Amino acid sequence: MSRSPYGTADPTLEIRDLSISFPTPRGAARVVDHVSLSIRPGEIVGVIGESGSGKTLTALAVLGMLPRGARIDSGRILLGGDSLLDKTERERRAIRGDRVAYIPQDALRSLNPTLRVGPQVGEPLTLHRSTSWAVAKRKAVELLAAVHLRDPARRAEEYPHQFSGGMQQRAMIAMGLCLEPQLLIADEPTTALDVTVQAQVLRLVREIRTEHRTAILFITHDLGVVADLCDRVYVMYSGAVVEEGPVDRIFERPSHPYTRGLLRATPAMHGPKEALIPIPGQVPLATERPKGCRFIDRCAFAIESCQRPPPWVEVEPDHKALCVRTDETGAAA
Amino acid sequence: MARLLFTRLALFVPTLFAASIVLFIAINVVPGSAARSALGVDATPQAIMRFEALNGLNRPLVVQYTDWLGKALHGDLGTSFQNRVPVAPEIVRRLPTTLELALLAFLIANAIALPLGALAALRRGKRADFAISALATVLGAIPNFWLATLLVLVFSLHLKILPAGGYTPFFESPWKNFTQMVLPALSLGLVSSALLLRIMRTTMLDVLNSDYVRTAHAKGAPERIVVMRHALRNALIPYLTVGAVEFGFLFGGVVIIEDIFRLPGIGSLVLVGIINRDYPVLLGSALVVTFIVLTANMLVDTCAALLDPRQLRPREAGR
Amino acid sequence: MSAFADYSIRRHGLLTLGGVIVAAVIISAIFAPWVAPYSPYDLDVTLMLEGPSRAHWLGTDEVGRDVLSRTIFAAQISVKVALFAVAVGLIGGTIIGMLAAYCGGPVDTVLMRLMELLFSFPAILLAVVLMASLGTNVLNAMLAIGIIFIPGFARLARASTLSAMQQQYVEAARSIGMSHSRIILRELLPNVVTPLLVEAAVAFAYAVLLESALSFLGLGAQPPDPSWGNMLNTGRGFMAQAPWLSIVPGLALFLCVLGFNLLGDGLRDVLDPHLRD
């Protein structure tokens, strides 16, 4: 079923039961609530959800870069079997940029405006391999060539503001690839780009996967990108994963009402004659979630038993949804 | 880079002219006040007319200004009403004292503001941050002339380790000059540091919250490298830009501080000009103080631009 | 949870402290004749330069006047000057700033260039020069300080007006042909007031400082009227024999400025949440 050719290897990243909260004046806000996910080598896994669904915080937790005040309440994060949450800050720093790389959304803001692009791209080499700047700069030129930048030697000498948006994002990807990480976390890297540039960047991401067998965690709110790029997908809603499975299965048979809503609200995902249907209501605040199913207030399928926390239901092999009504929802698709 | 310096200079020259006009107007807000205040309240109308004719004060203001400006451009700032001494040479004689005081105060202010402001930002919300912010609040509320008084009380009268005033030229006795400059420079520098410290803390906080600092962390850079390589230079650009204006604002303190410590600088000359109602002296010395401030602003602002590649090499069009 | 509580207590604590100091200064200014133990003008040559005692808590000055009473009365002059100066700056600055923003184009450019220029002058220098031609008395000190504040208020008023003008309802008001004065007074002014008031608290502190500086130089309040500035100036002559003459008025001045600064910073935090760190 899965498009991933590496379905059986040990996972590169495994997150088990991760919960993160923030203190607020009205009590702790659980922004990531018992999230579990895994990625195997060479697999591109999408995490999709609206802003505020906890997808970026999950990624930052893997990097060990949660914002001030955030607290990890429970869970484990395993990178190639190493438990990250048990490590000291120093050990985690040694992993960042070496075994795990992060590609953020806004490339221009993520590049240091006062440093030339070359040294920035090659910097991980000086940080983790203690090489000279000359070596790092040579490597940077190679990397810029690998992400298909024309005239990389000249570009390496330029400053970020002299690059176009697409070039800036490629420079960020080159920086991420510097030490051939096991895991690449891409946080909406194409959102700020226009469609043709977006397609080029996605092609580049696929190339990286086939050439380096890198495991890629791709965070997005764009179902089109997921359909185009990912092998498997996790759908997040209000801090929790509500559905997971192979991309083709989820598009074929969306089983959580929220996933169904997402599909209906996306233009390219269904026939041209059908009207776009927005999901009614709003995402509940992290401090004011309903006791049972977190989607209950917006759900057309809600019944009495949805007042209790819903169970995971296996819709088909590898495809699960956090909903008691999967018989109805799955069939109705 | 040449283009950047040229445009700065092109903006600077008209600013100086405009500043001279503002000062000229400010001094002549009340027409006829020059003669009256120079001669005293009980001067006869004849005496006033004679004085105005003698000093060319009976001409229209525009004529007076262009005349004054024309001479000023040739280095002639007129002669004192009081003792008929040319103003310009007096100012030149006093210039080194004021420049030395300003430079020392500037160094002290930045030596405090830069490290402490950065430290407060790095330790945001921790005890060090609150201690440093409290220090800035207290320093910012102390009037520089009271601080000067307190410093004299402690270091000159009580501990007797530094002189309470006086001036020895640097080349005559560097050490003596230094001991005489310490307290004035501290009075001016400490107070100025409060504002600069707040600016540094804010700009550093902005930079530390920026996406590129997050990128540096994501690369696995240790805190020291994040700060030194990625944050500091970026924080310095707005710090210098904002700080330049604020420092000029505080630089006016030389008028008081030089008076307190009996330093024969331009600031105390301003005061002499006021007390004697000696308008040529007042106008000349006030103009030079303003000139120093505007020049310092321009230099610091240019330094900030030189640190910023976005201003130094703007993106070429059509790319 | 506790991090939040700590933060807000500390913030509000400082705001409260500022408010208490400011209230104390204003109350002693208004009720000086009742609060002060002596008249600020009564001489007693038998008690010249006496140190603090039970009769004179903070000692006496060079002509035997009670330092505590003079310090309390001096608050009157400071508050009066600052109030008037801030009003001049606030009104002048608001008019110029809103006019610049509302008219735009060359009017905006010329006005704001002028404001920028005034802003780059050292404040005390400009005040001193203005005093020279206006004449040295308290009224002119108020005026001179007020003029210095105009550029700061103008910049702020302009920025707030510009952002308010982009709001939909203002655009709507324009499109339905509401008169200019109505738009400015009814739609724009209310949006500009809050940031200007915060700035006013900070400007107040600065006005107190400037007035003292001018009086210290002999250009503001004239003896025998007590002002913290001219008391400090007198005190300089007696630093060895009577250090309290140099300490007491300075401390009062410091506390007053501190109070207004804390109040201004606190108000900014409360009213302008996005500026909070």
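Helices (DSSP runs of H or I, at least four residues) and strands (runs of E, at least two) are numbered from the N terminus. By this assignment, chain B has 14 helices and 0 strands. The model is predicted, so local features require pLDDT of at least 70 and side-chain atom pairs count only at pLDDT 80 or more, while totals for chains, interfaces and linings use all residues. Residues are numbered from 1 along each chain as its sequence is written, and chains are lettered from A and ligands numbered from 1 in the order in which they are written.

The chains were described one at a time. Chain A contains 12 helices and 12 strands. Its C-alpha atoms fill a box of roughly 65 × 50 × 40 Å along the principal axes. The radius of gyration of chain A, taken over C-alpha atoms, is 21 Å, which agrees with the value near 20 Å for a compact globule of 333 residues. The globule rule is 2.2 Å times the number of residues to the power 0.38. A residue is buried if 20 or more other C-beta atoms lie within 10 Å of its own, exposed if 12 or fewer, and partly exposed in between, with C-beta atoms placed from the backbone. Buried residues make up 49% of the 333 residues in chain A. Two residues are in contact if their C-beta atoms, placed from the backbone, lie within 7 Å. Of the contacts in chain A with a separation of 6 or more, 65% are between residues 24 or more positions apart.

In chain B, the elements run α-α-α-α-α-α-α-α-α-α-α-α-α-α from the N terminus on. The C-alpha trace of chain B spans about 80 × 65 × 35 Å along its principal axes. Of the 319 residues in chain B, 42% are buried. Among its contacts between residues at least 6 apart in sequence, 69% join residues at least 24 apart.

Chain C has 10 helices and 0 strands. Its pattern along the sequence is α-α-α-α-α-α-α-α-α-α. The C-alpha trace spans about 75 × 55 × 30 Å along the principal axes of chain C. Buried residues account for 48% of the 277 residues in chain C. Residues 24 or more positions apart provide 69% of the chain C contacts with a separation of 6 or more.

Within chain C, α8 and α10 pack against each other. The axes of α8(C) and α10(C) come within 9 Å and cross at roughly 170°. Axes are lines fitted to C-alpha atoms, for helices over the stretch in contact, and angles run from 0 to 180 degrees between N-to-C directions. The two helices α8(C) and α10(C) are therefore roughly antiparallel. Angles over 145 degrees count as roughly antiparallel, under 35 as roughly parallel, 65 to 115 as roughly perpendicular and the rest as oblique. α8(C) passes α10(C) in a left-handed crossing. A crossing is left-handed if the near helix is turned anticlockwise from the far one by less than a right angle, and right-handed if clockwise. Residues of α8(C) in this contact include C:Val198, C:Phe204 and C:Leu209. Those of α10(C) include C:Leu253, C:Phe260 and C:Arg268. By class, the contact of α8(C) with α10(C) has 14 nonpolar, 4 polar and 1 charged residues. Ala, Val, Leu, Ile, Met, Phe, Trp, Tyr, Cys and Pro count as nonpolar, Asp, Glu, Lys and Arg as charged, and the others, Gly among them, as polar.

Chain B touches both chain C and chain A. In the first interface, 34 residues of chain C are in contact with 42 residues of chain B. On the chain C side, α4 (105–120), α5 (123–134), α8 (180–216) and α10 (244–271) each supply at least two residues. α5(C) gives the most, with 10 residues. The chain C side has 26 nonpolar, 6 polar and 2 charged residues.

Helix α13 (residues 279–307) of chain B meets α5(C) across this interface. Their axes come within 11 Å and cross at roughly 165°. α13(B) and α5(C) are therefore roughly antiparallel to each other, and their crossing is left-handed. B:Leu282, B:Ala286, B:Val289 and B:Thr290 in α13(B) meet C:Leu125, C:Val129 and C:Ala132 in α5(C). These residues divide into 6 nonpolar, 1 polar and no charged.

In the second interface, 24 residues of chain A are in contact with 21 residues of chain B. α2 (89–95), α3 (107–110) and α4 (117–128) of chain A each supply at least two residues of the chain A side. The largest share, 4 residues, comes from α4(A). The chain A side divides into 10 nonpolar, 8 polar and 6 charged residues.
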